[in-house]
Amino acid sequence: MDIQKYIKVEKVPGGQLEDSVVRKGVMINKDVIAPGKMRRKIFNQRIILLDWPLQYKKGENQTNAELLKEEDWGVLLQLEEEYIERLCVQILKFIPDVVITEKGLSDLACHYFSKAGVSGMRRLRKTHNNRIAKACGAVIVNRPDELQQSDVGTGGGIFEVKKIGDEFFAVIVDCKEPKACTVLLRGPSKDLLNEVERNLQDAMSVARNILKNPKLGPGGGATQLTVSATLKQKSSSVEGIEKWPYEAAAISFEAIPRTVAQNCGVNVIRTMTALQGKHAEVEKSWIGIDGNTGVITDVKEKKIGGYLFGLLLLLSFISFAISIFTFVG
């Protein structure tokens, strides 16, 4: 589950937060090359993805051509046109509806595609091409002469170019088995959209981690306070300089419940003192803060959960750090 690669968040200012949707497919900030000649809405389309320029390939180094006769210039142009035509014929024999390339696409190739009723898009990012391949089942081909029927993507439902806000977006949605999706966020301002995106990324990361390792602990700061109390008890049994790493780790864990108390608007000092007193008892490890009301409560009864895997990972790092401090001391 690669959130960064296959879940794209598109932020479009305008509208309300309630207008945000999850599209089962890909959404790209691009339009077709020739909007007046190419189709902008296709059902059950066949998609070919390329990583090859559909234009005359320029030399990597500086190239000099010496023309002795006036007719040689026409021959040179004809060779370029024949090269482009040969590429287009190789692609069109697979009867595509949409051709998308990461490189350039010449005007002559655009003419052949529009004449055949094929919509074309050019200069897409590699990440966009990868997500389209995941969504519609296509294979990105490096050379047109290596195309096969199995490389054509047939899993897309609707290909459509629509205007959202002030820009045009090409969407490939309602895919049969999409392995990639797009989250469209709408809102009145860019600052609000950036904040929503940050919260959304946190939520997706938590959901991914829970699916990978489905373990939950008590929330509301209860887990952190229990660990803090246990580390303080451990530090009291250690003598000398070796006790200070335990003390420092115990204090750092109190930052989570303190932040929850601050967000609720309650008296932080009184709340933390009461929580620490309850967690000094062995049976009170389920006591935490209700994030809605700020009341100290039993989070198990309220069904307030927290993600446990990140805490276990943090504990392993702390134990590793304590062992290093002990060794150095």
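Two strands are taken to pair if DSSP finds at least two bridges between them. On this basis, the predicted model contains an open sheet of four strands, arranged in the order S7-S6-S5-S8 with parallel pairing. Strand S7 (119–121) and strand S8 (140–141) occupy the edges of this sheet, and each has a single partner strand, so one side of each is left without a neighbour in the sheet. The pairing of S5 with S8 is in the parallel sense and extends over two bridges. Within this part of the sheet, Leu 50 stands opposite Val 141 in S8.

A search of the whole structure for aromatic pairs returns one. This pair is formed by Tyr 56 and Tyr 83 and is edge-to-face, with 5.7 Å from centre to centre and 85° between the planes. Tyr 56 is located in the loop between strand S5 (47–50) and helix H2 (70–92), whereas Tyr 83 belongs to helix H2 itself, so the pair ties together parts that are 27 residues apart in sequence.

An open sheet of three strands is also present, with the order S1-S11-S2 and mixed pairing. Its edge strands are strand S1 (7–13) and strand S2 (21–23), each of which pairs on one side only. From one strand to the next, the twist averages 25°. Strand S11 (residues 181–187) and S2 run antiparallel and are joined by three bridges. In one bridge between these strands, Arg 23 has Thr 182 of S11 as its partner. Helix H5 (residues 190–212) packs on the sheet, where it touches S1 and S11, and the direction of H5 makes about 160° with that of S1.

Further contacts were identified between helices. The axes of helix H7 (residues 244–253) and H8 come within 5 Å of each other and cross at roughly 25°. H7 and H8 are therefore roughly parallel to each other, because angles under 35 degrees count as such. On the H7 side, the contact is made by Ile 251, Ser 252 and Phe 253, and on the H8 side by Ala 255, Ile 256 and Pro 257. By class, the residues of this contact between H7 and H8 comprise five nonpolar, one polar and no charged.

Helix H8 (residues 255–264) also meets helix H9 (residues 268–279); their axes come within 9 Å and cross at roughly 135°. That angle makes H8 oblique to H9, and the crossing of the two helices is right-handed. Pro 257, Arg 258, Ala 261 and Gln 262 of H8 make the contact together with Val 268, Thr 271 and Met 272 of H9. The residues in this contact of H8 with H9 divide into four nonpolar, two polar and one charged. Pro 257 of H8 thus takes part in the contact with H7 and in the contact with H9.

Helix H9 is in contact with helix H6 (residues 222–236) as well, and the axes of H6 and H9 come within 10 Å and cross at roughly 65°. The crossing in which H6 passes H9 is right-handed. From H6, the residues Ala 222, Leu 225, Thr 226, Ala 229 and Lys 232 meet Met 272, Leu 275, Gln 276 and His 279 of H9. This contact of H6 with H9 has five nonpolar, three polar and one charged residues. Met 272 of H9 appears both in the contact with H6 and in the contact with H8.

Technical notes: Residues are numbered from 1 along each chain as its sequence is written. This is a predicted model: local features need pLDDT of at least 70, side-chain atom pairs count only at pLDDT 80 or more; totals for chains, interfaces and linings use all residues. Side-chain values use heavy atoms; hydrogens and water are left out. Axes are lines fitted to C-alpha atoms, for helices over the stretch in contact, and angles run from 0 to 180 degrees between N-to-C directions. Angles under 35 degrees count as roughly parallel, over 145 as roughly antiparallel, 65 to 115 as roughly perpendicular and the rest as oblique. A crossing is left-handed if the near helix is turned anticlockwise from the far one by less than a right angle, and right-handed if clockwise. Contact means heavy atoms within 4.5 Å. Ala, Val, Leu, Ile, Met, Phe, Trp, Tyr, Cys and Pro count as nonpolar, Asp, Glu, Lys and Arg as charged, and the others, Gly among them, as polar. Rings of Phe, Tyr and Trp (its six-membered ring) pair if their centres lie within 6.5 Å; planes under 30 degrees apart count as stacked, over 60 as edge-to-face and the rest as tilted.
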